[in-house]
Amino acid sequence: VGRGLRSAQGAATRPLAQAGEMVQLLVEVARSAVREPRGYWGDVREQMFEILKLCWLPMIISTTAFGFGAPGLQGGNIFLLFGIPERLGSFFLMASVREFAPWINAMVVAGVMGTAITADLGARRIREEFDAMEVLGVDPVRSIILPRVIALTIMTGLMDIVALSFGVFGGLLAAFELGVNSSAYFDNFWNNATTTDMWCSVVKTALFGLIIGVVCCYKGYRAEGGPIGVGRAVNQAVVIAFAAIWMFNF
């Protein structure tokens, strides 16, 4: 019975302990970046290019298809019931700019690049590369984790501009399907859009990228148990990143 209680207690406290360690990693990354803001931007650029190369196409396809389907056709049919299908453009300010484009963008980045980073760092851990770096006096957090976290934060925010653009384009395709012309669609969109909506969407998505970077780097850096442990870390990283994004978005 005592062993069962200790096991249950450990299972209950482990997520809280890992959350605290993730926050600790974030603080360590931020401190390293601020104290010496030079020497890692070359790696950041390489990681940004890698993120763009792997994520741009699935992100464009996902946001366009989702914009056409759920908020486009389904939302447009609701507007059609009230006889105002031309107001679909104003609906996409909320649907794409504020919610769906940032959310889908973050899901794609976490699913594509987040898993790749976790697998890469996990493989380095089981090959004991991090231990070797520490023996040589090289800080693995600064040289490996910091560039990836910064790159994910910047690129996820920048790709939101592309994501919301194609989300609105998907809504335009739905508007054509409902018989709405492009002028009415965009007039209603821009009559309701504000600068705050746009930059808040980008900032929010950049914070999604920061969450993805910290979670995925943490799970890869702390992977254990050989190749099976790396696979388990990848699975846990993407699930935790998804859940953290949803909670933060709420």
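Helices, which need at least four residues, and strands, which need at least two, are runs assigned by DSSP and numbered from the N terminus. By that reckoning the protein, shown here as a predicted model, has 8 helices and 0 strands, and from the N terminus on its elements run α-α-α-α-α-α-α-α.

Turning to the overall dimensions, the C-alpha atoms of the protein fill a box of roughly 70 × 55 × 30 Å along the principal axes, and 45% of its 250 residues count as buried. Among the contacts with a separation of 6 or more, 84% link residues that are 24 or more positions apart. The accessible surface of the protein amounts to about 12900 Å², and 65% of this belongs to carbon and sulfur atoms. As for charge, the mean positions of the 19 positive and 19 negative charges are 7 Å apart.

One place to look on the surface is a nonpolar patch of about 400 Å², made by Trp41, Ile154, Leu158, Ile161 and Val162. Helix H5, which covers residues 140-177, gives the largest share of this patch, with 4 residues. Trp41, in turn, is placed in helix H2, residues 41-81, and because its relative accessible area is 36%, Trp41 counts as partly exposed.

Helix H5 also holds Arg148, and here the reader may ask whether Arg148 is buried or exposed. Arg148 counts as buried because its relative accessibility is 8%, and the cut-off for buried is under 20%. If its neighbours within four places in sequence are left aside, Arg148 is in contact with Gln47, Ile117, Asp120, Leu121, Arg124 and Cys217.

Terms used: Residues are numbered from 1 along each chain as its sequence is written. This is a predicted model: local features need pLDDT of at least 70, side-chain atom pairs count only at pLDDT 80 or more; totals for chains, interfaces and linings use all residues. Side-chain values use heavy atoms; hydrogens and water are left out. Patches are made of residues with over 30% relative accessible area and no salt bridge: like charges are joined within 9 Å, nonpolar side chains (Val, Leu, Ile, Met, Phe, Trp, Tyr) within 5 Å. Accessible areas come from the Shrake-Rupley method with a 1.4 Å probe; for residues, only the protein chains shown count as cover. A salt bridge is a side-chain nitrogen of Lys or Arg within 4 Å of a carboxyl oxygen of Asp or Glu. Buried means under 20% relative accessible area, exposed over 50%, partly exposed in between (1.4 Å probe, protein chains only). Contact means heavy atoms within 4.5 Å. Lys and Arg count as positive and Asp and Glu as negative; His and the chain ends are not counted. The place of a charge is taken as NZ of Lys, CZ of Arg, CG of Asp or CD of Glu.
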